[in-house]
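Work through the exercises below with the sequence and the model open. Each task is followed by a stepwise solution.

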2 protein chains.
Amino acid sequence: MPGSGKDTLSQAIKERGFKVIVMSEVLKERYAKEALPGERLMDFAFRMRRERGRGFVAELTLEKLDPKDKVVVINGVRNWEEVEVFRRVGETVIITIHSSPKTRYERLIKRGRAEDKKYEDLAKRDFEELQMGIGNVIAMADYVLTNEGDVEGFIRRGIELVEKVSRDP
Amino acid sequence: MPGSGKDTLSQAIKERGFKVIVMSEVLKERYAKEALPGERLMDFAFRMRRERGRGFVAELTLEKLDPKDKVVVINGVRNWEEVEVFRRVGETVIITIHSSPKTRYERLIKRGRAEDKKYEDLAKRDFEELQMGIGNVIAMADYVLTNEGDVEGFIRRGIELVEKVSRDP
């Protein structure tokens, strides 16, 4: 969910030497080429999944894999069909990050994006994400990391978990 | 989700002296009176929510509240509209319990219900629960408790959390 800390952790995991693919970056590459005039990224994401299948962004992500890759960390799964795409090509472990809405909204407001100023707007954006089916992925996760305050502790637990899982999925 | 340990914790919370309402019990009372011949409880639950509104079981649950109640623990919210029903009448804090599918399926198989024998069937039942919208509630939870092994530790953390939240929601 927005503001949970997944990009912070994903960056730290990358710095630790893991190959990390950020699905929103993969989507943005396609958005740059194919978006309709004035189309928001979120609307483009919905359209792609509607027109090309709910697993489409995962399929684009597969193109970034190398046959030599042993462990790849993928940031930003949005629905269960994407999980199934990854399961077709290898052992797939789902790690979800949980922060309460209150914590997430405070972070997003602190980040100071103009569009992120009001709790109601942030909740609205949450429900937009949920419409994609991300709640199902969260409910079916193999591991959950909480991120309520201590960022360093969160990153440490996150890296430990990824290292453990990459040894023994 | 089935096998996460919510009923175990809910029972322990009740023994600790909290008022606990189990929404599936509230639903079963109605099921006993109004189910169609041969209708499964799950199908009845879907039909009630379709015919009487997605917040219907929460509205039935409100009838169990007493104006004198200060803190009530409600076990078994299934969708976001139910949360909104509870929010209309009081401060509402969502606690979700996370166990991995693997852990939950092992528990359900150990419980030895005849219908719970195969991983595929258990996953199918999970997706039936998810269709109700429970993933959204899990994603938007205020707190998450993990329950992967040590039951006593889980119950202790659960009771501590409920006591903390009931003092300071």
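**Exercise 1.** Find the partner of Glu34(A) in a salt bridge and place the pair in the fold.

Solution. A salt bridge requires a side-chain nitrogen of Lys or Arg within 4 Å of a carboxyl oxygen of Asp or Glu. Glu34(A) meets this with Arg30(A), their closest N and O atoms lying 3.1 Å apart in this predicted model. Both residues belong to helix α2 (residues 23–34) of chain A and are four residues apart, about one turn of the helix; helices are DSSP runs of H or I with at least four residues, and strands are runs of E with at least two, numbered from the N terminus. Arg30(A), Glu34(A) and Arg52(A) form a network of salt bridges. Glu34(A) is partly exposed at 27% relative accessible area (buried is under 20%, exposed over 50%, partly exposed in between; 1.4 Å probe, protein chains only).

**Exercise 2.** Which parts of chain B does the salt bridge of Arg104(B) and Asp126(B) tie together?

Solution. The closest N and O atoms of Arg104(B) and Asp126(B) are 2.9 Å apart. Arg104(B) sits in helix α6 and Asp126(B) in helix α7 of chain B, so the bridge joins parts 22 residues apart in sequence. Arg104(B) is buried, at 1%, and Asp126(B) is buried, also at 1%.

**Exercise 3.** How many salt bridges are counted between chain B and chain A?

Solution. The whole structure holds 34 over all chains, but the count between chain B and chain A is zero.

**Conventions.** Residues are numbered from 1 along each chain as written, and chains are lettered from A and ligands numbered from 1 in written order. Local features need pLDDT of at least 70 and side-chain atom pairs 80 or more, while totals for chains, interfaces and linings use all residues, and side-chain values use heavy atoms, without hydrogens and water.
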